[in-house]
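Thank you all for coming. I would like to walk through one model this morning, going from the axis between the chains, to the surfaces beside the DNA, and then into the interior of one chain.

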There are 2 protein chains.
Amino acid sequence: MSYKIKSRIWIESENNVLLGEGRVHLLKAIQETGSLSKAARSLNISYKKAWTLLDSVNKSAKKPVTINSIGGKGGGGAELTEYGQSLVNAFDEINRNCWAFLDEQLDKIANL
Amino acid sequence: MSYKIKSRIWIESENNVLLGEGRVHLLKAIQETGSLSKAARSLNISYKKAWTLLDSVNKSAKKPVTINSIGGKGGGGAELTEYGQSLVNAFDEINRNCWAFLDEQLDKIANL
DNA sequence: TTTCGCTATATCCTAACAAATATAACGATA
DNA sequence: TATCGTTATATTTGTTAGGATATAGCGAAA
């Protein structure tokens, strides 16, 4: 069996992490479930962890990534903004491209 | 100030990590100093940590990456094999290429 | 005005990981 | 055969990130 190359990418803003794979997973789950707590449950992470992540995302981003509402019908919820959706899509695309790129590069090591 | 994209790449072999940035730093330091303990001191990490890393590298690699000698003149030492040097060089090149590639990709996010 | 499920936040606790320490073994050299 | 600076490894101690738990506040709707 041969070597594999793996990668992790993330976006920073003013030395704060804006987006990484975990954050993108969370944002997708929010989009699917309509709430932060449901998203946390679906990802098997604590609400606190999810909240901390989302808070950090929104504090680092130039424009709001989600809109969170407290109280009201159903207790409230969270949803992605247009900007949030664009970020998620762009991140995914870059990540996929990066994997493809690295797989190409790998043959520099394969036959040493 | 605008977003930055960062990355971390590593090479795996049979689900074990072979090379990452930290390991490559260590290998370079071994090459420069001729010993594992000197390399550890130069990187400000404990000997134990350095030894554990190097041990893992050599156990994951298909061919030996360093040759370590115990006792004798100077107490012993460690040096990179040809193969080890090739791995280090290839990793560095792939890493640099990856950075350049990702910087290109970043403008997908810059103007959202 | 009570209920509901959610957002928001503080505090404690623990388990994983890193650092610190100790010690054995090695072999060329003098 | 004593010395030296290594490699090699076990064990103990510290630290910190994350998990668990608790609770307050919110607002639409019935």
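Let me begin at the rotation axis, where, among the residues of chain A, Arg8(A) comes closest, its C-alpha lying 2.6 Å away. Please keep in mind throughout that this is a predicted model. What turn lays chain A on chain B? It is a turn of 180 degrees with a shift of 0.0 Å along the axis, and the superposition has an RMSD of 0.1 Å. That is the relation of a two-fold axis.

Now to the contact between the two chains, to which chain A gives 28 residues and chain B gives 28 residues. On the side of chain A that touches chain B, the elements that give two or more residues are strand E1 (4-13), helix H4 (82-105) and helix H5 (107-110) of chain A, and the largest share, eleven residues, comes from H4(A). By residue class, this side of chain A divides into 16 nonpolar, five polar and seven charged residues. Because 100% of the interface residues of chain A are also interface residues in chain B, the copies meet through the same surface.

Next, the DNA. Around strand D there are 24 residues, and the closest are Gly71(A) and Gly72(A) from one chain, with Leu36(B), Ser37(B) and Gly75(B) from the other. At least two residues of this surface are supplied by each of these elements: helix H3 (47-60) of chain A, and, from chain B, helix H2 (36-43), helix H3 (47-60), strand E3 (66-70) and strand E4 (76-80). In composition, the surface near DNA strand D has six nonpolar, 13 polar and five charged residues.

Around DNA strand C there are 25 residues, the closest being Leu36(A), Ser37(A), Gly75(A), Gly71(B) and Gly72(B). Here it is chain A that supplies at least two residues from each of H2 (36-43), H3, E3 (66-70) and E4 (76-80), while chain B does so from H3. The surface near DNA strand C divides into seven nonpolar, 13 polar and five charged residues.

Let me turn to the interior of chain B, starting with helix H1 (residues 21-33), which has 13 residues and reaches 18 Å from its first C-alpha to its last, close to the 18 Å expected at 1.5 Å a residue. Which residues of H1(B) are buried? They are Arg23(B), Leu26(B), Leu27(B) and Ile30(B). They cover an arc of only 100 degrees around the axis, which puts them on the same side of H1(B). These buried residues pack against strand E2 (16-19), H2, H3, E3, E4 and helix H4 (82-105) of chain B. After H1(B) comes Gly34(B), whose phi is positive, near 80 degrees.

One residue on helix H3 of chain B deserves a closer look, namely Leu53(B), which counts as buried because it has 20 C-beta neighbours inside 10 Å. Setting aside residues up to four places away in sequence, Leu53(B) touches Gly22(B), Arg23(B) and Leu26(B). Leu53(B) and Leu19(B), 34 residues apart in sequence, lie 9.5 Å apart in space, C-alpha to C-alpha.

I will finish with H4(B), which has 24 residues and reaches 35 Å from its first C-alpha to its last, close to the 34 Å expected at 1.5 Å a residue. The buried residues of H4(B) are Gly84(B), Leu87(B), Val88(B), Phe91(B), Ile94(B), Asn95(B), Cys98(B) and Leu102(B).

Definitions and conventions: Residues numbered from 1 in each chain as written. Chains lettered and ligands numbered in written order. Predicted model: local features only at pLDDT ≥ 70, side-chain atom pairs only at ≥ 80, totals over all residues. Least-squares fit on C-alpha atoms with pLDDT ≥ 70 in both. Contact = placed C-beta atoms within 7 Å. Near = placed C-beta within 6 Å. Helix = DSSP H or I, 4+ residues; strand = E, 2+ residues; numbered from the N terminus. Nonpolar A, V, L, I, M, F, W, Y, C, P; charged D, E, K, R; others polar. Expected span 1.5 Å × (residues − 1). Buried ≥ 20, exposed ≤ 12 C-beta atoms within 10 Å, placed from the backbone. Arc of directions from axis to C-beta.
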